[in-house]
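Open the model in your viewer and keep the sequence panel in sight. This tour goes from selection to selection.

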Amino acid sequence: VPDKFDELEDPQVEFQVQCDQDRYWRPLFPGNQFPDNPIIPACISINCTRPPFQIAADGLARMNWTEVKGNPRPYATLVKYECSKDGWGYAEDGLNSTISVCQHDGTWNVTEVPVCVKLPCVDAPPPAPDGPGAERVYGLDGTRYR
């Protein structure tokens with residue numbers, strides 16, 4: 001039976017297996033209770049069907065992934081996006097890189113990457129303090145902590 005990274009080749013929602021008298025496991029499907037071949041449906045890897053978000057080739061940013069035709073984008077594939085210049089990053093969080101992951105449902109967790117901008121400080125501000133409800137709200141003009 002597939003683990004959480006795979007799906008059944010035959011898109012049955014679920015199935016049962018039974019150990020027959022000949023000591024082989026056989027899948028039990030409606031209308032096919034005792035097939036001659038003790039073959040369990042194959043599990044195939046889940047791939048992201050679409051390529052990851054593509055960034056502009058403007059020299060401000062880069063990504064560490066290149067599409068290879070015919071090569072799948074399997075579950076857990078990582079794509080790193082980063083700003084190319086020192087002191088540049090994303091206005092939304094002050095960081096200079098982000099990671100996109102091919103998720104278990106075949107989609108990428110990052111569907112858009114912001115444009116790199118020159119940040120007011122080279123380093124990102126400190127992270128939010130530990131504790132429930134702690135939060136850092138980044139802004140180019142100032143960062144608030146809750």
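Select V79 and show its surroundings. Not counting residues up to four places away in sequence, V79 touches P52, M63, N64, W65, T98, I99, S100 and W108. Contact here means heavy atoms within 4.5 Å. This is a predicted model: local features need pLDDT of at least 70, side-chain atom pairs count only at pLDDT 80 or more, and totals for chains, interfaces and linings use all residues. Residues are numbered from 1 along each chain as its sequence is written, and side-chain values use heavy atoms, with hydrogens and water left out.

**Stop 1: the strand around V79**

Select residues 78-83, strand β6. Strands (E, at least two residues) are DSSP runs, numbered from the N terminus. Which side chains of β6 are buried? V79, Y81 and C83 are, and they point to one face. L78, K80 and E82 point to the other face and are not buried. Buried means under 20% relative accessible area, exposed over 50%, and partly exposed in between, using a 1.4 Å probe and protein chains only. In a regular strand the side chains alternate between the two faces of the sheet.

**Stop 2: the core**

Keep V79 and Y81 selected, then add Y90 and C116. Within the largest nonpolar core, which has 14 residues, these four touch the most other members. A nonpolar core is a set of buried Ala, Val, Leu, Ile, Met, Phe, Trp, Tyr and Cys residues joined through side-chain atoms within 4.5 Å. The elements giving two or more residues to this core are β6 and β7 (88-90). β6 gives the most, with three residues.

**Stop 3: the sheet**

Now switch to a cartoon view. Three strands form an open sheet in the order β5-β6-β8, with antiparallel pairing. Its edge strands are β5 (61-63) and β8 (97-101), and each pairs on one side only. From one strand to the next, the twist averages 15°. Twist angles use axes that are lines fitted to C-alpha atoms, and run from 0 to 180 degrees between N-to-C directions.

Two strands pair if DSSP finds at least two bridges between them. β5 and β6 pair over three bridges. β6 and β8 pair over five. Strands of a sheet pair through backbone hydrogen bonds, either parallel or antiparallel.

Check the partners one by one:

- M63 is opposite Y81 in β6.
- R62 is opposite E82 in β6.
- S97 in β8 is the bridge partner of E82.

**Stop 4: the loop between β5 and β6**

Select R73, in the loop between β5 and β6. Is R73 buried or exposed? R73 counts as buried because its relative accessibility is 11%. A polar atom of the R73 side chain lies 2.6 Å from the backbone oxygen of T49. A polar contact is a pair of N or O atoms within 3.5 Å; within protein, one must be able to donate a hydrogen and the other to accept it, and residues adjacent in sequence count only if both atoms are side-chain atoms. Leaving out residues up to four places away in sequence, R73 touches ten-membered surroundings that you can list in the viewer, including N47, C48, T49, W65, E67, C102 and W108.Move along to A76, in the loop between β5 and β6. Its phi is near 75°, a positive value in a residue other than glycine. At 40% relative accessibility, A76 counts as partly exposed.

Next, select T77, which lies in the loop between β5 and β6. T77 is buried, with a relative accessible area of 15%. Apart from neighbours within four places in sequence, T77 is in contact with W65, S100, V101, C102 and W108.

**Stop 5: across to Q103**

Draw a distance from T77 to Q103. They are 26 residues apart in sequence and 8.3 Å apart in space, C-alpha to C-alpha. Q103 is found in the loop between β8 and β9 (116-118). At 28% relative accessibility, Q103 counts as partly exposed. Show its contacts: beyond its neighbours within four places in sequence, Q103 is in contact with C48, Y75, W108 and N109.

**Last stop: the chain as a whole**

Zoom out. The chain has zero helices (H or I runs of at least four residues) and eleven strands. Buried residues make up 23% of its 146 residues. Of the contacts with a separation of 6 or more, 43% join residues 24 or more positions apart. Turn on the surface: the chain exposes about 10,400 Å², and carbon and sulfur atoms supply 52% of it. Accessible areas come from the Shrake-Rupley method with a 1.4 Å probe; for residues, only the protein chains shown count as cover.
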